[in-house]
Amino acid sequence: MNPVFVFLVLVGAVVLWFLLSALFYPFGRFLHRIWKDAADEINREDQNKEKKD
C-alpha cells in the first residue's frame, strides 16, 4: 500500500475522532443528567415509603 494513503487515512480517522467526540460530549452529558434525575426520583420514592412504614 502507498504510505501516503495510510498516513492520510490515519489523519482522517483522528480528525473524525475529534469531531465525533465534540458531537457526543453534550449528548452524553444530557443522558447523564436524565439518568441522575431518574435515580434521584427512585431514591426519593423509596425514602418516602420507608417514612410511611
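Trainee: What share of the 53 residues in the protein is buried?

Mentor: Keep in mind that this is a predicted model. Buried here means under 20% relative accessible area. Counted over the 53 residues of the protein, the buried share comes to 0%.

Trainee: How many helices and strands does the protein have?

Mentor: Helix 1 covers residues 3-52. Strands don't show up, so the tally you're after is one helix and zero strands.

Trainee: Why is the protein said to be more spread out than a compact globule?

Mentor: Look at the C-alpha trace, which spans about 75 × 20 × 5 Å along its principal axes. For 53 residues the globule rule gives 10 Å, and the protein is well over that, so it counts as more spread out, with a radius of gyration of 23 Å.

Trainee: Is L20 buried, partly exposed or exposed?

Mentor: L20 sits in helix 1, and it helps make a nonpolar surface patch of about 770 Å², along with residues including L16, F24 and I34. Exposed would need over 50% relative accessible area and buried under 20%. L20 has 36%, so the label is partly exposed.

Trainee: What separates the C-alpha atoms of G12 and G28?

Mentor: G12 is another helix 1 residue, partly exposed at 36% relative accessible area. Along the chain, G12 and G28 are 16 residues apart, and their C-alpha atoms are separated by 24 Å.

Trainee: How far apart do the centres of the positive and negative side chains lie?

Mentor: Lys and Arg go in one set, Asp and Glu in the other. There are 7 positive and 7 negative side chains, and the centres of the two sets are apart by 7 Å.

Notes
Residues numbered from 1 in each chain as written. Predicted model: local features only at pLDDT ≥ 70, side-chain atom pairs only at ≥ 80, totals over all residues. Heavy atoms only, no water. Patch = residues over 30% accessible without salt bridge, like charges linked within 9 Å, V, L, I, M, F, W, Y side chains within 5 Å. Areas by Shrake-Rupley, 256 points an atom, 1.4 Å probe, with all protein chains shown as cover. Salt bridge = Lys/Arg side-chain N within 4 Å of Asp/Glu carboxyl O. Helix = DSSP H or I, 4+ residues; strand = E, 2+ residues; numbered from the N terminus. Buried < 20%, exposed > 50% of the residue type's maximum accessible area, 1.4 Å probe, protein only. Rg over C-alpha atoms; globule rule 2.2 N^0.38 Å. Charge placed at Lys NZ, Arg CZ, Asp CG, Glu CD.
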